[in-house]
Amino acid sequence: MERPVKPTRTLVRTAVLALAGTFAAVLSVSSAEPVVADQTSLRAADPSVLRVGGTYISVQSTGGGIAVRQASSTAALASAPARQVWSDTRGLGEVWAPEIVRDGGRYYIYFAAGRGAAHRMYVIHSGSPDTGYTAESKLALPDDKWAIDGTLFTFNGQRWFVWSGWAGDTNVEQNLYIARMSSPTTPTGARYIISQPRESWERVVGNPFINEGPEPIKDPNGQLHIVYSANGSWSEQYCLADLRLRAGGDPTHVWDWYKSNGCLFGSNRATMMRGWDPTLHVNGPGHHTFVLLDGDIATSPPAGPTFPSMFHAVPKGTPYAWENRYWYTGSFTWWGNTTYSRANVPGPSNDTGWSLKFFE
């Protein structure tokens, strides 16, 4: 979300990428030669980008509104003209972290708006990516609690909505929730909690402790992952972590989700999962976007190659502050044979499968 905006993810391209799907998680990327992160000229947070054909489409909040850019590459988005597609004419308040999704040939932009405890999720949609959007409508999410960073995806033939929110009416902690959708604009049934910031490595920075910025993707085995941001966006401890749904698991059942044992993309070694190295060129990477064809997790990449991603972060050597966040282009790859462990909860204590490596 955009408080005024959040740090995003960083990636380091390496010669070891072709081996990513076959080596155990304990192997480290540090043996490869990194290159400097691709910082764009766009001083902003919370990138959301998809590809339609050869065109990359991004969305961002801009001073009380939402703007869309289109370019022939992720690197060119920052210099592309920003076309305003929605303005807050009703005075909803702070506009945070818009997410652009394509469903049934239409474009849907989900965003949070409000002040303080009034933040809720809204949606606009159009047949064109940068014009003709409807007026905003509030998503009728179950329980009607504070909600931000929501996005839509389809998994196993069912539309789902995942977001960051509060259990009650006060700012105790930000959890991740999921709910079914009967259409791109209509939630149905209950909300289900899938993650809380309860691990020591995601409680380094609090008031509140947070899980936010959830981004879905499907691994080479067809299992669902939700990669999210942990620790406060106001801190260089901000990082990316992973939730992996067990094979055959129920997305609404919290104990079917296995959490990475540390950050997968971050700038502080103490909070990184074993075998994952901290960033070299940026601080506090977080709130990323997987740049997928049509934004559809059915087009998630196979094992082996690297695929584009974007994130926001602060350049190392620069004071860590929201106003110093930039969009970065990077990449990610699947990393096989990775075990996530847990204790004192229902279900098996270990789950082995695909994880992810992010590169500056």
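**Entry 1. Strands S12 and S13**

I looked up the bridge partner of Leu176 in S13 and found Ser195. The model I am reading is a predicted one. I then traced the two strands: S12 covers residues 173–183 and S13 covers residues 186–195, and they run antiparallel with six bridges joining them. I noted that S12 and S13 form a hairpin, with two residues between them. For the record, strands of a sheet pair through backbone hydrogen bonds, in either the parallel or the antiparallel sense.

I also checked the ring of Tyr177 and found Arg191 over its face, at 4.1 Å from the ring centre.

**Entry 2. The sheet S6-S7-S8-S9**

I next followed an open sheet of four strands, whose order is S6-S7-S8-S9 and whose pairing is antiparallel. Which strands lie at the edges? I found strand S6 (94–103) and strand S9 (137–138), each of which pairs on one side only. I examined the contact of S9 with strand S8 (residues 120–126) and recorded antiparallel pairing over two bridges. Opposite Lys138 in S9 I found Tyr122.

**Entry 3. Gln223**

I located Gln223 in the loop between strand S14 (209–218) and strand S15 (224–230). Is Gln223 buried or exposed? I entered Gln223 as buried, because its relative accessibility is 11% and the cut-off for that class is under 20%. I then followed the side chain of Gln223 to the backbone oxygen of Leu245, which it reaches at 2.9 Å. Leaving aside residues up to four places away in sequence, I listed the residues that Gln223 touches as Ile217, Lys218, Arg244, Leu245, Arg246 and Ala247.

**Entry 4. Aromatic pairs**

I counted the aromatic pairs of the structure and obtained 13. One of them is the stacked pair of Tyr108 and Tyr110, with 6.4 Å centre to centre and 20 degrees between the planes. I entered Tyr108 as buried because its relative accessibility is 8%. I entered Tyr110 as buried too, with a relative accessible area of 0%.

I turned to Phe290 and Phe358, a stacked aromatic pair at 6.3 Å centre to centre and 25 degrees between the planes. What does this pair tie together? I placed Phe290 in strand S18 (residues 282–290) and Phe358 in strand S21 (residues 350–359), so the pair ties together parts that are 68 residues apart in sequence. I recorded both Phe290 and Phe358 as buried. I then followed the ring pairs outward and found that they link Phe265, Phe290, Phe311, Tyr328, Phe332 and Phe358 into a cluster.

I also looked up Lys357 and found its charged end over the ring of Trp276, 4.0 Å from the centre.

**Entry 5. The chain as a whole**

I closed with totals. I noted zero helices and 21 strands in the protein chain. Of its 360 residues, I recorded 60% as buried. I looked up the exposed area of the chain and entered about 12,900 Å², of which carbon and sulfur atoms supply 49%. What share of the contacts with a separation of 6 or more comes from residues 24 or more positions apart? I entered 58% for the protein chain.

How values were computed
Residues are numbered from 1 along each chain as its sequence is written. This is a predicted model: local features need pLDDT of at least 70, side-chain atom pairs count only at pLDDT 80 or more; totals for chains, interfaces and linings use all residues. Side-chain values use heavy atoms; hydrogens and water are left out. Buried means under 20% relative accessible area, exposed over 50%, partly exposed in between (1.4 Å probe, protein chains only). Contact means heavy atoms within 4.5 Å. Accessible areas come from the Shrake-Rupley method with a 1.4 Å probe; for residues, only the protein chains shown count as cover. Rings of Phe, Tyr and Trp (its six-membered ring) pair if their centres lie within 6.5 Å; planes under 30 degrees apart count as stacked, over 60 as edge-to-face and the rest as tilted. A charge sits over a ring if NZ of Lys or CZ of Arg is within 6 Å of the ring centre and within 35 degrees of the ring normal. Two strands pair if DSSP finds at least two bridges between them. A polar contact is a pair of N or O atoms within 3.5 Å; within protein, one must be able to donate a hydrogen and the other to accept it, and residues adjacent in sequence count only if both atoms are side-chain atoms.
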